[in-house]
Amino acid sequence: MDIGTREPTYTVSEAAQRVGLTTHTLRWYEQEGLVAPVGRDSAGRRRYTADDVNWLLLLTRLRRTGMPVRDMRRYVELARQGDGTLGARRALFEEHRVRVLHRMAELEEDLKVLDFKIDHYRRAELGEFD
């Protein structure tokens, strides 16, 4: 698809920077089919729209929260099928939300251990155990 609109667009490196990815990772998302074919300028260079960047932001958040790539692929397939898949998309996100909440609880427990050790070492440095 050729980009011929006046809508602002971004190069691969600009889009990657906006979403916090490397250009290599951004291209990997495309190769994996997680991103719809990106428009191109008259010279054939990729140009990302604001919608493309927003889609990438969603995908990066899903990855950052630990969603497996296979679930991301499933989500993309469902989204491309349209509104008839809203319930399936919601269910996929609800299942992932449960996993995220579980991981957050684990991290809170891990943080308690770190806080305990930090406090222990701080007190030891002050000679409170002599």
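**Close-up views of a five-helix chain**

**View 1. Glu-30 in helix H2 is a buried residue**. At a relative accessibility of 17%, Glu-30 counts as buried, where buried is under 20% relative accessible area, exposed is over 50% and partly exposed lies in between (1.4 Å probe, protein chains only). This is a predicted model, in which local features need pLDDT of at least 70 and side-chain atom pairs count only at pLDDT 80 or more, whereas totals for chains, interfaces and linings use all residues. Residues are numbered from 1 along each chain as its sequence is written, and side-chain values use heavy atoms, with hydrogens and water left out. Glu-30 belongs to helix H2, helices being DSSP runs of H or I with at least four residues and strands runs of E with at least two, numbered from the N terminus. When residues up to four places away in sequence are set aside, Glu-30 touches Val-35, Val-38, Arg-46 and Tyr-48, a contact being heavy atoms within 4.5 Å.

**View 2. Val-12 in helix H1 is buried and is in contact with residues including Arg-46 and Tyr-48**. Val-12 lies in helix H1, which covers residues 12-19, and its relative accessibility of 10% places Val-12 among the buried residues. Beyond its neighbours within four places in sequence, Val-12 is in contact with Thr-23, Leu-26 and Arg-27, and also with Arg-46 and Tyr-48. Arg-46 and Tyr-48 also appear in the list of residues that Glu-30 touches. Where does Arg-103 lie with respect to Val-12? The two residues are 91 residues apart along the chain, and their C-alpha atoms are separated by 32 Å.

**View 3. Arg-47 sits in the loop between helices H2 and H3**. Helix H3 spans residues 50-64, and Arg-47 is placed in the loop between H2 and this helix. The relative accessible area of Arg-47 is 18%, and Arg-47 is therefore buried. Tyr-10 is 37 residues away along the chain, yet the C-alpha atoms of Tyr-10 and Arg-47 are separated by 5.2 Å.

**View 4. Leu-34 occupies the loop between H2 and H3 and is buried**. With a relative accessibility of 1%, Leu-34 counts as buried. Not counting residues up to four places away in sequence, Leu-34 touches the aromatic residues Trp-28, Tyr-29 and Trp-55, together with Leu-59, Met-72, Arg-73, Val-76 and Arg-80. The C-alpha atoms of Leu-34 and Val-69 are 9.1 Å apart, although 35 residues separate the two along the chain.

**View 5. The whole chain sets these close-ups in context.** There are five helices and zero strands in the chain, giving the pattern α-α-α-α-α along the sequence. The radius of gyration is 21 Å, well over the 14 Å that the globule rule gives for 130 residues, so the chain is more spread out than a compact globule; the radius is taken over C-alpha atoms, and the rule is 2.2 Å times the number of residues to the power 0.38. Along the principal axes, the C-alpha atoms fill a box of roughly 75 × 35 × 25 Å. Of the 130 residues, 29% count as buried, and among contacts with a separation of 6 or more, 56% join residues 24 or more positions apart. The mean pLDDT (the predictor's confidence in each residue, from 0 to 100) is 93, and 95% of the residues reach 70 or more. Among the elements, helix H2 (residues 23-31) has the lowest mean pLDDT, 92, and helix H5 (residues 86-125) has the highest, 97.
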